[in-house]
Amino acid sequence: MRSNRTAWGLLAPTLLVLGFAGLLPFFYVVYVGFFDWNVFSKTGDLVWAGANNYRRLVFDTEFLAALKRGIVFTLWTVTLEMVLGMALAQLLMREFKGKSFFRAVHALPLTVAPIAVGATWRLMTIPGLGPLPYYLRRIGIDYNIGRYAGQAFATTVLMDVWHWTPFVTLTLLAGLTALPREPFEQAMVDGANRWQILRHLTLPMLRPVILTALFLRIMDALRIVDEVWMLTGGGPGTATRYVGIHVWRVVFPKTDYGYGSAMSVLLLYFTIVLCWLLLTAITQARRETD
Amino acid sequence: MKPNLRKSLSQAINYIVWTLLTLITLFPIYWMFLVSARTRVELFDKPKLYQTSFYAENFIRPLFRDVYGRYLLNSFIISTGNMLLVVVLAILATYALSRYRIPGDQNIFFWTITNRMAPPAAFMLPLFLLYSRVLRIGDWRLFDTHIGLILAYCVFNLPFAIWLLKGIVDGIPIELDDAAMVDGASVMQVIWRIIVPLAAPGIAITALLSWIFAWNEFLFAATLTSVRARTITTGLSEFVTVVGTNWGEMAAMAIVCLAPAILFLALVQQYIVVGLTFGAVRE
């Protein structure tokens, strides 16, 4: 009755679609990565290039700088989001009037399209129009993200924190609500203070959930494009040109498809390795806590 | 300190924190509403924190005299098409993964999620090349078509839907399908008559979140379309040009873009964690 043929039949449409939209591009980009392909060259043909694109990539200081910038951005945003999210989740563990209202408002940024997030922040920070430069000037701060690299970087971090802290809060809150109560009651009876409970009970028991939130945030922060593209366009100079934006800016205007493909392959490779490392850590943690 | 005083003090701090957070969260969106209601002259005046008049032209011109009405329709067609495709395929695939032991099913399950994790920046070039240059039948290409984006969005939405639904279908007792099959029901009948009704709330959440993810997407839409299938998110980025930006209209279109998601928030809020973590963390 339960034949494998039926199972494959049910899976076939999904495998077909994912094969087309996921696997085919993957193999194709690996293939093109071994060629020189520039639309503006004389013939516009693919010319075999062997490992040349990759050799070039390893010494491409702009690409490496963008990668590093993306990693620094990820470290800042994810750290801030995890700390803030944990604090807010703790606050939401209490009962108080209006809690569900505050929680809903807190979740609001999660549903907003990243490109619209970029647009709103641009509207707030544009000199001569936005409230931020105007009111900061009144207290003597010259705020202009079109001019100062540090401020542009900090603003992209703040925007990401605004957008994604709720995700960490809600995830950790879900984890916290699922924890058994007895160990906490026991610890209270034993006279442990809040900090000790957090350090020795909450954090260890919550580890799989914390790691899951961390994993998803790291993956998302590393591949950020839309919001930052809309807010700063990667500037001023290259201050906020994170790796996704770099690929976007290099590949399309220059139509250097072979080189762009090599770049995409390397990006995918980094992602797969990172994904694997983090997933292993999560499974490990789940096994230990169960 | 007396315990009572201490308690009301901590209550007060709690409310101060949440009020501040609410203000910080809402301010950028509130500011966008203000900008969308202002004329060009008002905009470059001192940035006031309130608004008494409403300049509807910011909404009317782009939507009815410019292309943004069509962008909006495109977004709607593509999100809805993608949602329908994803939900149907995911129900079939999830049923197979949940009820059958086939060699390699665990690997298939994990492989689907790697598609979701891949950076879109790495996928946009091969998809662009395939759509615009390689896959063509005569003059017809996938580039700049609705179906092209509907298929491309499956890369991230289909794995998400499968991961979310798997937990739900696993929770439906297998005895129910066995009983139906003994009565002579086919697999399709079992899925349609038993699995779909029982998993309906989960399916609804999956559909809603898939729709929002497709609606919000930008990178694929920007690289895989040019005129006919442009979406509203791509349209938003087009406001930023070298000759200057029409801020009022941009704000108005940004509001149009985020309106459906905000309307859904009330419905989705409770499930958003399950959705965004692919069900890895249950609320």
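Q: What share of the contacts in chain A with a separation of 6 or more comes from residues 24 or more positions apart?
A: Residues at least that far apart in sequence account for 70% of these contacts, a contact being heavy atoms within 4.5 Å of each other. The model is predicted, so that local features need pLDDT of at least 70 and side-chain atom pairs count only at pLDDT 80 or more, whereas totals for chains, interfaces and linings use all residues. Residues are numbered from 1 along each chain as its sequence is written, chains are lettered from A and ligands numbered from 1 in the order in which they are written, and side-chain values use heavy atoms, with hydrogens and water left out.

Q: What makes up the secondary structure of chain A?
A: Chain A has 13 helices and 2 strands, where helices (H or I, at least four residues) and strands (E, at least two) are DSSP runs numbered from the N terminus. The C-alpha trace of chain A spans about 80 × 75 × 35 Å along its principal axes.

Q: Why is L11(A) called buried or exposed?
A: The relative accessible area of L11(A) is 1%, and buried means under 20%, exposed over 50% and partly exposed in between (1.4 Å probe, protein chains only), so L11(A) is buried. L11(A) lies in helix α1 (residues 4-32) of chain A and, not counting residues up to four places away in sequence, touches A93(B), A96(B), L97(B), I102(B) and I108(B). Of the 290 residues in chain A, 54% are buried.

Q: What describes the packing of α10(A) against α13(A)?
A: Helix α10 (residues 207-222) and helix α13 (residues 257-289) of chain A pack at about 170°, with their axes 8 Å apart. The axes are lines fitted to C-alpha atoms, for helices over the stretch in contact, and the angles run from 0 to 180 degrees between N-to-C directions. Angles under 35 degrees count as roughly parallel, over 145 as roughly antiparallel, 65 to 115 as roughly perpendicular and the rest as oblique, and α10(A) is therefore roughly antiparallel to α13(A). The contact of α10(A) with α13(A) has 13 nonpolar, 3 polar and 3 charged residues, where Ala, Val, Leu, Ile, Met, Phe, Trp, Tyr, Cys and Pro count as nonpolar, Asp, Glu, Lys and Arg as charged, and the others, Gly among them, as polar.

Q: Why is the packing of α1(B) and α13(B) given its own class of angle?
A: Helix α1 (residues 3-36) and helix α13 (residues 247-268) of chain B pack at about 130°, with their axes 7 Å apart, and the two helices are therefore oblique to each other. The residues of this contact divide into 9 nonpolar, 2 polar and no charged.

Q: What makes Y31(A) and F35(A) an aromatic pair, and of which kind?
A: Their rings lie 4.9 Å centre to centre, with 50° between the planes. Rings of Phe, Tyr and Trp (its six-membered ring) pair if their centres lie within 6.5 Å, and planes under 30 degrees apart count as stacked, over 60 as edge-to-face and the rest as tilted, so the pair is tilted. Y31(A), at 43% relative accessibility, counts as partly exposed, whereas F35(A), at 11%, counts as buried. Both residues belong to one aromatic cluster with Y28(A), F34(A), W48(A) and Y54(A).

Q: How do you know whether D144(B) is buried or exposed?
A: The relative accessibility of D144(B) is 4%, and D144(B) therefore counts as buried. D144(B) sits in the loop between β2 (140-141) and α7 (146-170) of chain B and has a positive phi of about 60° although it is not a glycine.
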